[in-house]
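Hi everyone, thanks for coming. I'd like to walk you through a structure that is new to most of us, so please have a look at it on the screen before I start.

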Amino acid sequence: MYQTMESFKTYEQQSPLRKWWNSRTFIQKRLIRLFMSMLVLVICIPLYHMGLFGTVEGPLHPSRIGDNLATMGVTKTHSMLFFLFFLIIALTWNWIYNLVSHLSGARLTCNKTDDEGKPCGALAERRKVVHRKTGEKASQYVCAQGHKRPDAHFHPVKKGTFSNTLWVMALVFCVIVFFMS
Ligand SMILES: [Zn+2]
């Protein structure tokens with residue numbers, strides 16, 4: 001568990017956006033948040049007046065959008081396929097990314113433990129080696145510290161709050177399109 005946490009952190013810290021956000025002061029964070037809320041509000045007011053939320057009559061009223069889409073030849077099948085495709089992508093992007101990373105030997109850290117049982121955790125690379133005695137090919141993992149090991153620790157990309165919200169929303173839209181329309 002310790003190992004997982006430790007290596008997870010090394011990967012988490014690499015996001016430049018998070019780094020930038022963490023380097024802001026408390027006041028700066030408050031101001032940026034306030035600015036973002038104002039921005040969302042400014043964008044939403046005209047959309048509200050054009051009827052996007054279905055509360056006032058306007059060109060963006062949901063039923064009007066539906067009519068427009070129908071006249072453009074967009075059928076129920078199209079929207080079904082669209083939301084299903086969207087759901088599949090939202091659900092599987094990190095699985096695919098992890099599979100590719102795994103196959104190409106990326107996102108690996110060294111598993112070698114020191115005397116206290118603490119893992120090395122340095123980035124490791126996969127290499128193919130041929131055993132002299134048997135002539136068999138095998139994978140070997142070499143880290144920045146020069147440790148050579150037959151195994152390494154893989155760090156899969158996990159879905160964050162935003163990704164999870166996105167696929168749940170896609171699922172909700174799918175249910176609406178498939179069962180309620
Ligand atoms: Zn190492």
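Let me begin at one small spot: glycine 73, just after helix α4, takes a positive phi of about 90°. Before I go further, please keep in mind that this is a predicted model.

Now the helix that comes before that glycine. How many of the 10 residues of α4 are buried? The number is 0, so α4, which covers residues 62–71, lies largely in the open.

Let's step back to the chain. It holds 6 helices and 5 strands. Reading from the N terminus, the order is α-α-α-α-α-β-β-β-β-β-α. What about its overall dimensions? A compact globule of 181 residues would have a radius of gyration near 16 Å, while this chain has 25 Å. Along the principal axes, the C-alpha atoms fill a box of roughly 80 × 50 × 25 Å. Buried residues account for 6% of the 181 residues. And if we take contacts between residues at least 6 apart in sequence, 50% of them join residues at least 24 apart.

Here is one residue from the helical part: cysteine 44, in helix α3, which spans residues 26–49. Is cysteine 44 buried or exposed? With 12 other C-beta atoms within 10 Å, cysteine 44 is exposed. To get a feeling for distances, pair it with histidine 153: the two are 109 residues apart in sequence, and their C-alpha atoms are 46 Å apart in space.

On to the strands. Which strands make up the open sheet? There are 3 of them, in the order β2-β3-β4, with antiparallel pairing. The edges belong to β2 and β4 (148–149); each has a single partner strand, so one side of each is left without a neighbour in the sheet.

Let's take the two pairings in turn. Strand β2, residues 124–130, pairs with β3 over 7 bridges, in the antiparallel sense. You can follow the partners across: alanine 124 has cysteine 143 of β3 as its bridge partner, glutamate 125 stands opposite valine 142, and lysine 128 is matched with serine 139. The hairpin of β2 and β3 has 6 residues between the strands, and there glycine 135 takes a positive phi near 75°.

On the other side, β3 and β4 run antiparallel and are joined by 2 bridges. Valine 142 comes up again here, standing opposite lysine 148 in β4. This hairpin has 4 residues between its strands, and glycine 146 has a positive phi near 90°.

Finally, the core. Which residues form the largest nonpolar core? There are 6: Leu108, Cys110, Ala124, Tyr141, Cys143 and Ala152. The elements that give two or more residues to it are β1 (108–110) and β3 (137–143). You may recognise Ala124 and Cys143, the bridge partners from a moment ago.

One core member to look at in detail is cysteine 110. Setting aside neighbours within four places in sequence, cysteine 110 is in contact with Cys120, Gly121, Ala122, Ala124, Tyr141, Cys143, Gln145, His147, Arg149 and Ala152. If you rotate the model yourselves, cysteine 110 and that list of contacts make a good place to start looking. Thanks for listening, and I'm happy to go back to any part of it.

Technical notes. Residues numbered from 1 in each chain as written. Predicted model: local features only at pLDDT ≥ 70, side-chain atom pairs only at ≥ 80, totals over all residues. Core = buried A, V, L, I, M, F, W, Y, C linked by C-beta atoms within 7 Å. Buried ≥ 20, exposed ≤ 12 C-beta atoms within 10 Å, placed from the backbone. Contact = placed C-beta atoms within 7 Å. Pairing = 2+ DSSP bridges. Rg over C-alpha atoms; globule rule 2.2 N^0.38 Å.
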